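Welcome! Here is a short tour of one protein model, meant to be read with the structure open beside you.

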Amino acid sequence: MKRTLGIDEVGRGPLAGPIVVAAVVLGEVVPEGLNDSKKLTAKRREQLAREIKRTATGIGIGWVSAKILDKIGITESLKLASRLAVEQVEADYDQIIIDGTINFLPERTEVTTMVKADGRIKAVSAASIIAKVARDNYMKKCGEIWGVYGFDSHVGYGSAAHMAAIKKHGASPIHRLSFAPFNVRERPAKIQNTIGRQAENLAVEYLETLGHEVLEQNWKTKICEIDIISKKADSVYFHEVKYRKNAGSGSGLDVITKKKLEQMKKGVALWRKANFAEPKDDQYDYTLAVVAMTGNPCRVDQYLELETARW
């Protein structure tokens, strides 16, 4: 039986705090109730984290701060945190399974990426729990230092209370200045904030409030670019984010032409091919959707699911 090193991350979408990646090799005794950390209560996560630490043969946690993230971007930060986590694991293993669709360890040959691995593979479930508990506890401590932001409740995500605190107090030392709503002149040009970036970041936050887990942002192929790919329940969503300066200049939905829909469908086909070796492994429905936005600062005016099918 293959020994698995499970890897999962937490903290991709918040406006503040670090990205955290955990790597876990389980021991002979596997704690009961391991699952995707998002499906567990905070109390249960804490209990399981203690059991995992007691029984696992190897655990590593990689941290990348907001300041480093601002310099190198999300993808490179996830790669760095993954390497740091794996380097701490001294236990033997035969394979590495990473939750999601992106291989953050491209230099390793034994890596498999898997959608929903955090709910399907016990070692990845354990990594999901360890990463979530570690980051949440860190953000609670940050809440004790910078109390005006309420980090202990929203752990850095863009809640209404958090946005109001940012508007009133500005950025703290742990805020991500490459994320909306910040605009720092000294930021390198390649990550400067634009209204388009603001719109996409707000769309990500909006989808997360609807229960979506964002898998990809700005996913590109030679044929098309998908602004946001997310999953919710047993469906994967391919979103086009359309921004207009004001409502009078037309709806973002106006540019979702037949040609654009066909491009998005081709994007679905390419994504499926990249993520599933065998068609039988793909159990998802696929939905094309659009998030229409206007204003500055931008706001979501309309969210519309255009078509759902199994292509």
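## An exposed turn and an enclosed strand

At 61% relative accessibility, Ala 233 lies over the 50% mark, so this residue counts as exposed. The model you are looking at is a predicted one. Ala 233 sits in the loop that links strand 7 and strand 8, and its phi is positive, about 55°, although the residue is not a glycine. As background, most residues other than glycine have a negative phi. The loop belongs to a hairpin of strand 7 and strand 8, with 2 residues between the strands.

Now follow the chain into the hairpin itself. Strand 7 covers residues 225-232 and runs antiparallel to strand 8, with 5 bridges joining the two. One pairing to look for is Ser 230, whose bridge partner in strand 8 is Tyr 237.

What does strand 8 pair with in the parallel sense? The partner is strand 9, residues 285-294, and 10 bridges hold the pairing. Here Val 236 stands opposite Tyr 286 of strand 9.

Is strand 8 largely enclosed or open? Of its 10 residues (235-244), 8 are buried, so the strand is largely enclosed by the rest of the structure.

Another residue with a positive phi is Lys 116, and it is not a glycine either. Lys 116 is found in the loop between strand 5 (111-114) and helix 4 (117-120). Its relative accessibility is 22%, which lies between the 20% and 50% limits, so Lys 116 counts as partly exposed. The table sets the two residues side by side.

| Residue | Phi | Relative accessibility | Class |
|---|---|---|---|
| Ala 233 | about 55° | 61% | exposed |
| Lys 116 | near 65° | 22% | partly exposed |

## A pocket to visit

The second largest pocket holds about 350 Å³ of space. Its lining is made of 16 residues, and those nearest its centre are Lys 2, Arg 3, Thr 4, Leu 26 and Gly 27. Sorted by class, the lining has 7 nonpolar, 4 polar and 5 charged residues.

## How confident is the prediction?

The average pLDDT of the protein is 87, and 91% of the residues score at least 70. Over residues 184-193, however, the pLDDT is below 50. Beyond near neighbours in sequence, that stretch has 16 contacts in the model.

Definitions and conventions. Residues numbered from 1 in each chain as written. Predicted model: local features only at pLDDT ≥ 70, side-chain atom pairs only at ≥ 80, totals over all residues. Heavy atoms only, no water. Buried < 20%, exposed > 50% of the residue type's maximum accessible area, 1.4 Å probe, protein only. Helix = DSSP H or I, 4+ residues; strand = E, 2+ residues; numbered from the N terminus. Pairing = 2+ DSSP bridges. pLDDT = per-residue confidence, 0-100. Contact = heavy atoms within 4.5 Å. 1 Å grid on protein atoms, 1.4 Å probe; cavity = no way out; pocket = protein on both sides within 12 Å on 5 of 7 lines; lining within 4 Å. Points joined across faces, edges and corners; volume = space filled by probe spheres on them. Nonpolar A, V, L, I, M, F, W, Y, C, P; charged D, E, K, R; others polar.
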